[in-house]
Amino acid sequence: MSNKIGWIGLGKMGFPMANNLLKGGYSLYVYNRTSSKADALVNEGAVLAESIPVLCEESDIIFTMLSDDQAVKGAYLGEGGLLNGKVGGKLFINMSTVSPRTSAELQEMSEAVGARFLEAPVSGSVKPAEDGTLLILVGGTADDFRAAQPIFEKLGKMAVHLGSVGAGSSAKLAINYFLALTLQGLAETVLFAKQQGINAEDMLRIVNEGACGSAITKLKTPTIASNEYPTAFALKHMAKDLRLAREQGISFPLAGPLADTYKQALDDGLGDEDVMAIIKYLERS
Ligand code: NAP
């Protein structure tokens, strides 16, 4: 197994994940649209590639951790894309959340030029990314999964091989549906209680000390209590994931209104705030 890794995308998630690979002893080429975000990694020994083709040439296993389908396709396709060079035998691993269809297209195009492709979106936010305790949801061949396992061990506490390409993305959209329901449920509960004269701190204590409390309600409690929403998982990404779930045909009673609410919050200018800022939208709408 080669130690030559290329990492594209140094956003909120990509940066700490790449950092864990560096700390884990891998030699790392990095690339980011905004190159200054690589500075701290370069100080620790990563090499900043001047372009995606250069990164690809220098690496055997290439990760992408970018915003959305469009950004990921941009990194793979076209003149400056990953698939435009000599890529025979290389393993591409996309960890961004994209649609199962985009994953399948990337697999097909990678294989057409002799490369291999795994999808490996993650569940867990910035803190698990920093701690190397993400859940990694993998779709692809068993051989490629085995090849990537030692690297996944540096990034997460568990990597699950769910089946062929598409399965990982589907599982990711499903778990984020639950997350969106939970966060909006928490927001509506706190706001309803407030309307009845119960303050937010008391209501959050009741939630967290009772059977409804969970890791995510506890994690988001301080942000609601202070009414400040520093971004861990941007609301725009959740709106994207709910849109993708809809495109996959989700049709349960709550699915449509849920996706609509996050989309409206996005249109209302809250996209770059943390997903928990959904409460701000609900409060003013
Ligand atoms: P982020 O902080 O917004 O970073 C996005 C990354 O994509 C940056 O490197 C950005 O480059 C790059 N990018 C965006 N548009 C681009 C374009 N058109 N061309 C080239 N590069 C582009 O996002 P994140 O929170 O790290 O999330 C990354 C992925 O993981 C998303 O798919 C998200 O849904 C998923 N995810 C996030 C979390 C979380 O808690 N944050 C958890 C699980 C999964 P610049 O630096 O130049 O802007």
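Domain bounds here come from an automatic or database domain assignment. The structure is a predicted model, in which local features need pLDDT of at least 70 and side-chain atom pairs count only at pLDDT 80 or more, while totals for chains, interfaces and linings use all residues. Residues are numbered from 1 along each chain as its sequence is written, and side-chain values use heavy atoms, with hydrogens and water left out.

Q: How far apart do the C-alpha centres of domain 1 and domain 2 lie?
A: The assignment divides the chain into domain 1 (4-164) and domain 2 (170-284). Between the C-alpha centres of domain 1 and domain 2 the distance is 28 Å.

Q: Which three residues supply 39% of the area that domain 1 buries against domain 2?
A: Contact (heavy atoms within 4.5 Å) joins 15 residues of domain 1 to 13 residues of domain 2. Buried area is the accessible area (1.4 Å probe) that two parts lose on being put together, summed over both. Domain 1 and domain 2 bury about 1100 Å² between them, 67% of it on carbon and sulfur atoms. On the domain 1 side, the 39% share, more than any other three residues supply, comes from Lys12, Thr97 and Pro100.

Q: How many salt bridges are counted between domain 1 and domain 2?
A: A salt bridge requires a side-chain nitrogen of Lys or Arg within 4 Å of a carboxyl oxygen of Asp or Glu. By this rule the count comes to 14 salt bridges. Between domain 1 and domain 2, the count is zero.

Q: How far apart are the closest N and O atoms of Lys73 and Glu105?
A: Side chains of opposite charge can pair when their charged atoms come close. Lys73 forms a salt bridge with Glu105, and their closest N and O atoms are separated by 3.3 Å.
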